[in-house]
Each structure stands twice: as structure tokens, then as C-alpha cells.
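Visitor: I'm new to this one. Could you take me through a single part of it, slowly and closely?

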Amino acid sequence: MRLRHHFTLLSLLLLSLLVVASLSFVSGEGRYRLWLLILSALSLLYLPFFYRFAIRPIRSIESGMDLLREQDFSSRLRSVGQYEADGVIKIFNRMMDQLKHERLRLREQNEFLDLLIHASPMGVIVLDYDRRVSLVNPAARRMLQLEQHEVEVGWSVEEITRTTRLPLEEIPLHETRSLTMHDGSIYKCTLESFVDRGFARHFYLMESLTEEVRLAEKKAYEQVIRMISHEVNNSTAGITSTLDTLISLLPEGEESLELAEVMRVCIDRCYSMSRFITNFADVVRIPEASLQPTDLNQLLSTSARLMEGLCLSRSIELCLELDPLLEPVWLDTLLIEGAVQNILKNAVESIETDGEIRIRTSQSSRSLEIADNGVGISKEVEAQLFRPFFSTKRSGQGIGLIFIREVMLRHGFRYSLSTHPDGWTRFVIYF
């Protein structure tokens, strides 16, 4: 019989004898008092054994429960010298080892996952159970241009859309959409989910397609423009040369003068067509930027003076708010002047008559802002901006914004174009 059984029988025997002796003591029989004293002495001698075989295992188990409650998986229980209790303690310690190794493995995996998300070139936005932002990695912050914001954690998806104008809430779960920002950047966005503590949480993956799409578009329209330019210029050159020859050979007379006038109109149309094609070809032939430190405020003052006549004729007020602390900016003067002229021209055409254009520079944000209170840009049009040959003007060629985009890319400047809730359309360039 095991020691536990002996311990149990001895405990019951002593308890029975103590009960009998106590009853005899109460009944007044003196001969039993001696037995009671002897049993009391034996009970005192038995207490260490009782503590070892009963109280100590219970306290050890209580200590183990405290360790589990506090999630302290590094501590272990000692053996108490009792067979069954030591078996439980051995299993408990083995469980604690497994929990410790599992926690360490999960911690290492989480640290690796955090590093992977932080270093990933793909944008990652993780939402909590309430579909509010709990994590935005640096790539997503750059893509969404959130560097100037410090409270994106806790935002709802609608707040991100309102701030960045990227309609993430339109993406269904487990689907991928290509979305365009207000600066013409194109992103492939996917909405997926994972299970955390038994509940689903959503996250967005964002991959930039801007450069790939831009290069594909540029390769396509360069080839088309070169082919059309070659054919049109060769044809118009032959036509204008032939018409000039015919005009010189016409006999004198009223009918000949009328015919010569018609031929000159045809020659002018040929030259207009040639200039039209040349405008497209000029976009293809934009040179690389030759950077040098430039007083941007002076450049903007000159550009504003060139637009004063056009603005006055349309009752448009042109306001300059130039930061005198603005440090020189490294840029190509000719290319930036051309881009600024295009932006101002678009602003004037957006206002048409009776409006205001503001040109503002800032040293703190190292930016240039050209704002107008014209008709604004709709959400549908905003998604098409900076696309080749896209124009909202009836006679537009769609090359103004393409030229601006190419100039910005050659300088490495960030830019954005959108109409804000206050009704002002802002073109912002960050140096």
C-alpha cells in the first residue's frame, strides 16, 4: 500500500481516538484523561506529517494558480515529497515550459511581422474590430501623404478617404481595385481580413502602380505622337509647298484672287495642324532638369507679371503671399516657369471671370500653393487628371497636366491637385 494510504488511515485512526477520548473526558471518567493527553501529544507530533502530506501540496497548488493568474511562465514549483502532488507539480512545470516557449515563439513571430510590415514597400493599413485604424506602416503613410498628420491611428476609413481623397471604403471585402489619387498616383488596393481572438479584423494592402502605368502610357503616346508627327509634318509640308507654287502660278484676275485666298486659308490650317502636333511632340521631348539654386519668390513674381494682363481682362485678382524666409530651391528655372504658367492658365480658365488666384510659398512646409476659386474639380474628373490626352475643355489637347507631371517627376517634387470643401482648388508642390 502506498504511503498516501497509510497517511489516510493514520489520520482517520487518530481522529477517531480523539473523538472517543473527548467524549470520555466529558463524561468524567478519569482513566481516559491520560489517554487524551497521550493522544494530544501524538497529535502534536503528527502535525508536521499532516502539514507535509496535506497542507504543503495545497499551498504549492495555490502558488501555481497565482503564477498562472499573473501569467508568470518563468517560475516553477518545487517538489513537496508527496507522490501524487509531485506528479501534479511535474505536469504543471512541463505545462509552464510549453507556455513559456509558446509565448517566446509568438513574441518572435510578432516582432518579425512588425519589422516586415514596417520595411515593406507595400502600404499596409490594419483596422481594429470597430473598423478604425490601428496601424499604418511608413509605405502607406507615404502613399497617402500622411506625413503631416499625427492622428491617423484611431481614424475611421471614411476619415482617411476624406483626408486623402482615396475612396478605400468603396472596396468590397476580398477584392482588389485600382484607385487614383488627386496627384495622378495610381494604387492597387486590396481589402482582406484575418482572425484575431476569434473575431475578424480587416486590413488594406496598397501597391503603387503609378510608375508602371506612367511608363506604359508614355511609351504608348510617344510612339503614337512620333508616328502622327512624322506623317502630318511630311504631308503638310508637301501640301503647303504645292499651294504656294499654285498661288504663284495663278493668272491675274478677280477669280484668281478668290482662289488664292482659299489656298492661303488651307495653308494656315496646315500650319495650325503642324503646331497642334508639335505641342504633343514637345511633351515627349522635355529635357532632363538642370538643377540650380533659385529664388522661387522672384520666379513666381515674374510669372505673375506675365499673367497680369490676362487676369485684368477677366476681372481676376492675382494675390501673391510669398514667404520672405523661403530659402533657395534647387530646380530648373525654364521647366518650373513653364509648369507654373500652365497652372496659372488652368486657374484662369477655371474662373473665367470675376475671381481670385492666390500664389503662396512657405518655408516651414517647403511648398508652393496656387489656389483659385473657380468651378472646381468633380470627383469623377479628379480620377482622370494627369492622364494623357484627357481634358475637360472643348478645344483642349490634354497635354498641360501631362507637361506639369513630367516636370515634377524630373525634379522629384511631390504634388497634388484637388478641390477642397471650402470651394478652393489648390495645386500644391512640395520641394
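Guide: Let's look at the run of paired strands around β4, then at two loops further along. This is a predicted model, in which local features need pLDDT of at least 70, side-chain atom pairs count only at pLDDT 80 or more, and totals for chains, interfaces and linings use all residues. Residues are numbered from 1 along each chain as its sequence is written, and side-chain values use heavy atoms, with hydrogens and water left out.

Start with strand β3 (residues 175-180), which runs antiparallel to strand β4 (residues 186-196), with six bridges joining them. Strands here are DSSP E runs of at least two residues, helices are H or I runs of at least four, and both are numbered from the N terminus. Two strands pair if DSSP finds at least two bridges between them. One spot to find is Arg177, whose bridge partner in β4 is Cys189.

Now go across to the other pairing of β4: ten bridges join β4 to strand β5 (residues 199-208), again antiparallel. There, Ser193 stands opposite His202 in β5. β4 and β5 make a hairpin with two residues between them, and Arg197 in that turn has a positive phi of about 60°. Most residues other than glycine have a negative phi.

Two loop residues also have positive phi. Glu352, with phi near 70°, sits in the loop between α9 (333-351) and β9 (355-362). Arg366, with phi near 50°, lies in the loop between β9 and β10 (367-372). Arg366 is partly exposed, at 22% relative accessible area, where partly exposed falls between buried (under 20%) and exposed (over 50%), using a 1.4 Å probe and protein chains only.
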